[in-house]
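Grab a pencil and work through these exercises one at a time. Try each task before you read its solution.

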Amino acid sequence: MASSAVFLFPIPPPPTPSNSPPSLLCSVPPLVTIFNKTHTTRTASCRPLLVSASASASSHSLQALIFDCDGVILESEHLHRQAYNDAFQHFSVRCPSSSSPLPLNWSPEFYDELQNFIGGGKPKMRWYFKENGWPTSTVFNTPPEKDEDRAKLIDILQDWKTERYKKILKSGTVEPRPGVLRLMDEAKDSGKLLAVCSAATKSSVILCLENLIGMERFQNLDCFLAGDDVKEKKPDPMIYLTAATKLGVSGKDCLVIEDSVIGLQAATGAGMPCVISYTASTANQDFTDAVAIYPDLSNVRLADLEALLKSLEAAK
């Protein structure tokens with residue numbers, strides 16, 4: 001396999017359109033039509049997929065392996081959604097556009113689209129409230145109109161949500177995705193630089209890493225960046241550009257592992273080749289710019305990734 005550009009992993013059938021709007025968006029256009037122009041369905045069947053040589057590739061040897069956290073190290077979307085909904089209920093958050101007397105509740109279908117459209121928790125809520133009306137809550141009895149009051153509301157909701165998410169992670173019921181720990185160990189054992197770059201808040205990412213990859217692996221990371229560390233969130237490439245600077249390597253010497261188009265755009269925007277380890281909620285996205293696509297990392301070895309980049313360079 002090291003000498004071939006062919007890698008075995010699921011290849012999607014022809015695209016099928018999806019026009020169903022999220023249930024809570026009211027008159028707002030469906031996120032899927034805004035964000036995901038090509039809607040495909042990936043299945044468990046496997047056929048050889050030739051990786052396009054036109055995708056971002058490195059002419060250098062692989063020096064740094066960079067992991068996203070949510071969706072790559074753990075499949076966390078449903079955990080974040082639960083924590084947001086718990087926060088909305090706790091503070092009795094109700095948007096004026098909703099006809100329901102109950103607090104705001106993001107459905108699984110809606111959250112799948114939202115989290116693949118906007119990175120970071122505070123931007124998600126700010127976008128939603130801007131589109132659906134600023135809510136009443138136990139923080140503000142009337143919808144906040146001043147920018148500082150709106151910022152305060154979002155800060156309070158995000159802080160409570162983060163603490164709730166931490167409790168879920170500490171419950172002992174969450175496991176890392178297949179192949180992650182082995183691939184991290186292979187990278188460190190071979191002398192590669194190892195980093196984690198996440199758009200989530202620093203405290204929640206630290207807790208995730210401590211509980212899922214263990215303290216020793218976490219402390220041995222060569223670089224760790226969270227959403228708090230950069231001014232711009234993914235899909236902006238700032239977090240990956242910052243990581244390359246901290247690692248002291250060129251972007252083309254890095255390989256990023258992401259699970260979504262937002263992360264893919266951030267990586268390629270930083271000039272880094274990117275492989276996708278998709279989840280159930282991101283499987284239908286257009287990963288054209290990825291150098292490889294996998295359902296998970298259970299059968300992916302470091303040697304496979306190095307061979308992949310060499311094959312891409314040879315195919316130029």
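A residue counts as buried under 20% relative accessible area, as exposed over 50%, and as partly exposed in between (1.4 Å probe, protein chains only). Strands (E, at least two residues) and helices (H or I, at least four) are DSSP runs, numbered from the N terminus.

Before you start: this is a predicted model, where local features need pLDDT of at least 70 and side-chain atom pairs count only at pLDDT 80 or more, while totals for chains, interfaces and linings use all residues. Residues are numbered from 1 along each chain as its sequence is written, and side-chain values use heavy atoms, with hydrogens and water left out.

**Exercise 1. Lay out the sheet and look at its strands.**

Step 1: find the order. Six strands make an open sheet, running β5-β4-β3-β6-β7-β8 with parallel pairing. Two strands pair if DSSP finds at least two bridges between them.

Step 2: find the edges. β5 (223-225) and β8 (292-294) each pair on one side only, which makes them the edge strands.

Step 3: check the twist. On average, neighbouring strands of this sheet are turned by 20 degrees against each other, direction ignored.

Step 4: zoom in on β3 (64-67). Four bridges link β3 with β4, in the parallel sense, and F67 stands opposite V196 in β4. β3 also runs parallel to β6, joined by four bridges, and here A64 has C254 as its bridge partner.

Step 5: ask what covers β3. A64 and I66 sit on one side, L65 and F67 on the other, and all are buried, so both faces are covered.

Step 6: do the same for β7 (residues 274-277), which pairs with β6 (residues 254-258) in the parallel sense over three bridges. V256 has C274 of β7 as its bridge partner. C274 and I276 point one way from β7, V275 and S277 point the other way, and all are buried.

**Exercise 2. Which helices lie across β3?**

Step 1: take α6 (residues 180-189). This helix lies across β3, β4 (193-197) and β6, running at about 155 degrees to β3. Axes are lines fitted to C-alpha atoms, for helices over the stretch in contact, and angles run from 0 to 180 degrees between N-to-C directions.

Step 2: take α11 (residues 302-314). This one lies across β3, β6, β7 and β8, at about 150 degrees to β8.

**Exercise 3. Compare two helix pairs.**

Two packed helices are described by the angle between their axes and the distance between the axes.

Step 1: start with α5 (residues 147-169) and α7 (residues 202-212). They pack at about 5 degrees, with axes 10 Å apart. Angles under 35 degrees count as roughly parallel, over 145 as roughly antiparallel, 65 to 115 as roughly perpendicular, and the rest as oblique. So α5 and α7 are roughly parallel.

Step 2: list who meets whom, with contact meaning heavy atoms within 4.5 Å. From α5, T162, Y165, K166 and L169 meet S203, S204, L207, C208 and N211 in α7.

Step 3: pick out K166. Leaving aside neighbours within four places in sequence, K166 is in contact with S203, S204 and L207. K166 has 17% relative accessibility, so it counts as buried.

Step 4: now α2 (residues 77-90) and α3 (residues 108-115), which pack at about 110 degrees with axes 10 Å apart. That makes α2 and α3 roughly perpendicular. E77, H80, R81 and Y84 of α2 make the contact with P108, Y111 and Q115 of α3.

**Exercise 4. How many disulfides does the structure hold?**

Step 1: apply the cut-off. A disulfide is a pair of cysteine sulfur atoms within 2.5 Å. The count is zero.

Step 2: test C197. Its nearest cysteine sulfur, that of C223, is 5.2 Å away. C197 is buried, at 0% relative accessible area.

Step 3: test C208. The closest cysteine sulfur, in C69, is 3.4 Å from that of C208, too far for a bond. C208 is buried too, at 1% relative accessibility.

**Exercise 5. Track down two backbone oddities.**

Most residues other than glycine have a negative phi, and most peptide bonds are trans.

Step 1: look at S92, in the loop between α2 and α3. S92 is not a glycine, yet has a positive phi of about 50 degrees. At 24% relative accessibility, S92 counts as partly exposed.

Step 2: go to P235, in the loop between β5 and α9 (238-247). The peptide bond from K234 to P235 is cis, with omega near 15 degrees.
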